[in-house]
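Biologist: I am new to this structure and would like a close look at how its helices meet one another, with a word on the neighbouring strand and the cysteines. Could you take me through it slowly and explain each term as it comes up?

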Amino acid sequence: VADEAATPFGHARARDAIDLGLALPMAGGHLYVMGSRGVGRRAVLEAALEAAARERSPGGDLCYVSDFQDSRCPKALHLPAGLGRKLAADMERLIEDLADSLKTAFQSEDYRTRRQVLEDELKERQEEAVEAVEKEAKEQGIALLRAPTGFIFAPIKEGRVLQPDAFQALPEEEQQRITGVIEALQKRLKEALSAVPAWMQETRAQIRGLNDETAAMVVGHLLEGL
């Protein structure tokens, strides 16, 4: 401790304390300077540190990088002197390169084709489920119509959808039969489409996997050199 409360900072005792502190062979040590303000403590101390540094080999660089498993505890990289600045500059360039490379990768024909295949597979599964019910309905004289709000079942006669007034003209027993068939088909369609949310979730997971794979190829290639 260099104490200059009673004497100017340049006193020999303060100088000796600084020299002693700089001479102690311990890593990570600190010099604590106490005294009045305005007497040049900082300038004298910096001069002593610079003089000591000229007589010693450069120390290493200590760089902290994020630990993505535990953000509260960054990882310390001990690097040769001067390499820390180069690493920082390379990291800035890496971010720029990643932005361009990732954009290119996700706009590539290969990525779009593979993603389209996954989306088409989902549409195909949905269509197959609907077509199975549609075939069953047609065998019972009922048409399955696709509307903006969903699906509609309607009775058909001679290959054409039966209009409401024509349906009302049918015997009561026939109307009840058709209504019962349609209700059963509606239940059947609901059951067939109940698996769609799970299929969509599965497709989203596959797309996330594709995204991770695409990004990993770009990031891995750039990080390998770094």
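Modeller: What follows goes through the helix contacts one pair at a time, and then turns to the strand and the cysteines.

This is a predicted model, in which local features need pLDDT of at least 70 and side-chain atom pairs count only at pLDDT 80 or more, whereas totals for chains, interfaces and linings use all residues. Residues are numbered from 1 along each chain as its sequence is written, and side-chain values use heavy atoms, with hydrogens and water left out.

Helices and strands here are DSSP runs numbered from the N terminus (H or I over at least four residues for a helix, E over at least two for a strand). Helix 4, which covers residues 109–139, packs with helix 6, residues 172–193, at an angle of about 165°, and their axes are 9 Å apart; axes are lines fitted to C-alpha atoms, for helices over the stretch in contact, and angles run from 0 to 180 degrees between N-to-C directions. Helix 4 and helix 6 are therefore roughly antiparallel to each other, on a scale where angles under 35 degrees count as roughly parallel, over 145 as roughly antiparallel, 65 to 115 as roughly perpendicular and the rest as oblique. The crossing of helix 4 with helix 6 is right-handed, the near helix being turned clockwise from the far one by less than a right angle, whereas an anticlockwise turn would make a crossing left-handed. On the side of helix 4 the contact (heavy atoms within 4.5 Å) is made by Ala129, Val130, Val133, Glu136 and Ala137, and on the side of helix 6 by Leu185, Arg188, Leu189, Ala192 and Leu193. By class, 8 residues of this contact are nonpolar, none is polar and 2 are charged, where Ala, Val, Leu, Ile, Met, Phe, Trp, Tyr, Cys and Pro count as nonpolar, Asp, Glu, Lys and Arg as charged, and the others, Gly among them, as polar.

Helix 4 also meets helix 7, residues 196–225: the two axes come within 10 Å and cross at roughly 170°, and helix 4 and helix 7 are therefore roughly antiparallel to each other. Helix 4 brings Tyr111, Arg114, Arg115, Leu118, Glu119, Leu122, Arg125, Gln126 and Ala129 to this contact, while helix 7 brings Val196, Trp199, Met200, Glu202, Thr203, Gln206, Ile207, Leu210, Asn211, Glu213 and Thr214. These residues divide into 9 nonpolar, 5 polar and 6 charged.

Two residues let us look inside that contact, one from each helix. Threonine 203 of helix 7 counts as buried at 7% relative accessibility, buried meaning under 20% relative accessible area, exposed over 50%, and partly exposed in between (1.4 Å probe, protein chains only). Not counting residues up to four places away in sequence, threonine 203 touches Leu118 and Leu122. Arginine 114 of helix 4 is partly exposed at 33% relative accessibility, and it touches Leu210 and Glu213, again not counting residues up to four places away. Although arginine 114 and leucine 210 are 96 residues apart in sequence, their C-alpha atoms are 8.1 Å apart in space.

Helix 7 has a further contact with helix 3, residues 83–106, where the axes come within 10 Å and cross at roughly 145°, in a right-handed crossing. Leu94, Asp97, Leu98, Ser101, Leu102, Ala105 and Phe106 of helix 3 make this contact with Asn211, Thr214, Ala215, Val218, Val219, Leu222 and Leu223 of helix 7. By class it has 10 nonpolar, 3 polar and 1 charged residues.

Turning to the strand, aspartate 61 lies in strand 3, residues 61–65, and, leaving aside neighbours within four places in sequence, its contacts include Leu77, His78 and Leu83. Aspartate 61 and leucine 170 are 109 residues apart in sequence, and their C-alpha atoms are 91 Å apart. Valine 65, also in strand 3, is partly exposed at 29% relative accessible area and, with the neighbours within four places left aside, is in contact with Pro74, Lys75 and Leu77.

Finally, the count of disulfides (pairs of cysteine sulfur atoms within 2.5 Å) comes to 0. The sulfur of cysteine 73 is 18 Å from the closest cysteine sulfur, in cysteine 63, which is too far for a bond. Cysteine 63 is buried, with a relative accessible area of 14%, whereas cysteine 73 is partly exposed at 43%.
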